[in-house]
Amino acid sequence: MRAEPTALRRLPPVSEPRDPTSEPIRLVDVQRAVAAELERIGPVIGELGELFAAAGHELALVGGPVRDAMLGRHSNDLDLTTSARPSDTERILKKWGDAWWDLGRDFGTIGCRKGDWVVEVTTYRSEAYDPGSRKPEVQYGDTLAGDLGRRDFSVNAMAVRLPGQQIEDPYGGVVDLANRVLRTPGRPEDSFSDDPLRMMRAARFAAQLGFTVDDAVVAAMTEMAERIEIVSAERVRDELVKLICAPYPRLGLTLLVDTGLADHVLPELPRLKLERDEHHRHKDVYEHTLTVLEQAIDLEDRLGGGPDFVSRFAALMHDVGKPKTRRFLDDGTVTFHHHDVVGAKITRKRMQALRFSGDETDAVCHLVELHLRFHGYGSGEWTDSAVRRYVRDAGDQLTRLHVLTRADCTTRNQRKADRLRRTYDDLEARIARLSEEEELAAIRPDLDGNQIMEILGIPPGREVGEAYKFLLELRLDNGPMSEDDAKAALRDWWAARG
């Protein structure tokens with residue numbers, strides 16, 4: 001058995017514009033898109049349909065692949081549903097595919113890869129939450145109609161029966177898709193009671209598809225927001241990552257805040273609505289934050305293109321320290337001193353609560369802590385030593401720090417915005433020049449630990465570390481030194497210690 005990994009942090013590149021269109025989709029275009037996609041994937045789903053039918057089981061393409069086909073999107077990852085139980089599915093897929101995995105067996109899902117195609121086949125099912133449980137109880141079903149009825153939204157409750165390619169749409173998903181609306185197949189209260197994570201999915205799909213969420217769905221999310229707390233932190237985290245990495249994250253985040261869901265999963269965000277920044281008097285810090293996120297997205301080509309969770313989440317969290325650091329001065333102005341340091345601590349606590357990896361947490365918190373550093377640059381007064389320290393402190397997050405710092409300029413004063421841009425252009429040019437001259441990305445002392453011990457005649461220990469730190473600071477202050485000069489400086493430092 002081979003396990004198939006799932007990448008959650010970096011999603012495929014976004015090709016859609018940032019702002020979704022409100023124009024409805026023509027049904028004739030939906031029909032053409034479906035026909036074209038079924039022709040493309042026909043050999044794969046047709047073969048699988050025949051195999052399951054020969055074994056006495058039903059099979060249907062379902063959910064996201066059907067929805068995406070209607071939107072003219074192509075993928076080689078296919079979700080299918082079947083009347084077969086997992087053990088039967090496993091036997092069929094072992095004969096058909098090149099590799100298989102059963103990491104989703106507890107939910108009735110068996111996965112398989114064949115060439116460039118990846119399929120996941122799930123037994124007809126229904127799932128419900130016990131009021132005190134964090135995990136859904138999975139129950140297998142016997143009909144496709146029953147399986148579609150327990151799905152989250154009507155646009156995901158469509159299927160194509162195989163091998164005959166008959167479309168099943170019992171809940172009006174095609175019409176909702178054409179009108180760009182998210183509705184639940186039944187009462188939203190029942191759907192969210194069965195699986196409260198669907199409230200997060202509503203926000204995520206709004207962010208991914210640019211769709212409007214039905215008023216009844218929004219009302220149910222608002223009424224039942226507290227119920228999200230029974231869902232595991234890991235499941236909430238994964239939905240949040242997908243939302244933030246979507247084409248239109250503002251839509252999803254706004255929905256989370258407006259319904260009160262954010263109070264339970266990301267309370268730092270709605271708290272920003274209470275703040276007004278002396279640098280951004282025309283907008284509260286909440287609106288400023290969403291603008292910074294969108295501007296960071298616009299700069300993602302600097303990171304190689306495509307959604308980058310670390311830079312996006314850092315943009316979202318960069319000002320979360322402001323509520324705790326707000327101070328009113330006698331002249332009526334407001335300050336948020338040290339909100340960068342406080343914000344990094346708050347961000348770390350939130351990411352740990354959501355079970356993010358240590359590497360992701362460190363990267364985001366590092367960016368939040370450094371996001372104000374550039375503002376000490378003034379009009380370019382930094383010495384080369386200060387520039388070296390900026391690069392050293394940013395470490396492997398330097399490019400993301402460039403993105404965050406540039407995105408953090410949301411002033412409507414065009415002259416001020418142009419001045420900030422030119423100043424940061426100058427800083428990046430200086431970094432590039434020093435990097436070319438001095439290999440800034442690998443700043444280290446001009447002598448290593450072995451040389452330090454040999455020159456000073458000391459064994460490994462604390463004093464070697466102190467000497468190394470002295471030489472590193474000297475390197476940052478003066479740039480590269482010759483070996484003879486570095487040895488002389490080290491001996492002088494050692495002699496001065498007495």
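## Exercises on charged pairs and cysteines

C365 has a relative accessible area of 3% and is therefore buried. This value, like those that follow, comes from a predicted model.

**Exercise 1.** Decide whether C409 is buried, partly exposed or exposed, and state how many disulfides a search of the whole structure finds.

*Solution.* Begin with the relative accessibility of C409, which is 21%. Buried residues lie under 20% and exposed residues over 50%, with partly exposed in between, so C409 counts as partly exposed. Then turn to the disulfides: the search, which covers the whole structure, finds 0 of them.

**Exercise 2.** Find the distance between the closest N and O atoms of D29 and R32, place both residues in the secondary structure, and classify the exposure of D29 and of R32.

*Solution.* First, the closest N and O atoms of D29 and R32 are 3.8 Å apart, and since a salt bridge requires a separation within 4 Å, the two residues form one. Second, helix α1, which spans residues 27–54, holds both D29 and R32, and they are 3 residues apart in it, about one turn of the helix. Third, the relative accessible area of D29 is 32%, so D29 is partly exposed, whereas R32, at 55%, is exposed.

**Exercise 3.** Determine whether D319 and K322 are buried or exposed, and give the N to O distance of the salt bridge in which their side chains meet.

*Solution.* Start with the accessibilities: D319 has a relative accessibility of 1% and therefore counts as buried, and K322, with 3%, counts as buried as well. The salt bridge between the side chains of D319 and K322 has an N to O distance of 3.3 Å.

**Exercise 4.** Describe the salt bridge between R373 and D393, say where each partner lies, and then name the residues of the network made by salt bridges that share partners.

*Solution.* In the salt bridge of R373 with D393, the closest N and O atoms are 2.8 Å apart. The pair links distant parts of the chain, for R373 lies in the loop between α17 (358–370) and α18 (384–394), while D393 lies in helix α18, 20 residues apart from R373. R373, at 35% relative accessibility, counts as partly exposed, and D393 is partly exposed too, with a relative accessible area of 24%. As for the network, salt bridges that share partners join R302, R406, D418, R421, D425 and E428 into one.

**Exercise 5.** State how many salt bridges the structure holds.

*Solution.* The count for the structure is 42 salt bridges, and the pair of D29 and R32 is one of them.

Methods. Residues numbered from 1 in each chain as written. Predicted model: local features only at pLDDT ≥ 70, side-chain atom pairs only at ≥ 80, totals over all residues. Heavy atoms only, no water. Helix = DSSP H or I, 4+ residues; strand = E, 2+ residues; numbered from the N terminus. Buried < 20%, exposed > 50% of the residue type's maximum accessible area, 1.4 Å probe, protein only. Disulfide = S-S within 2.5 Å.
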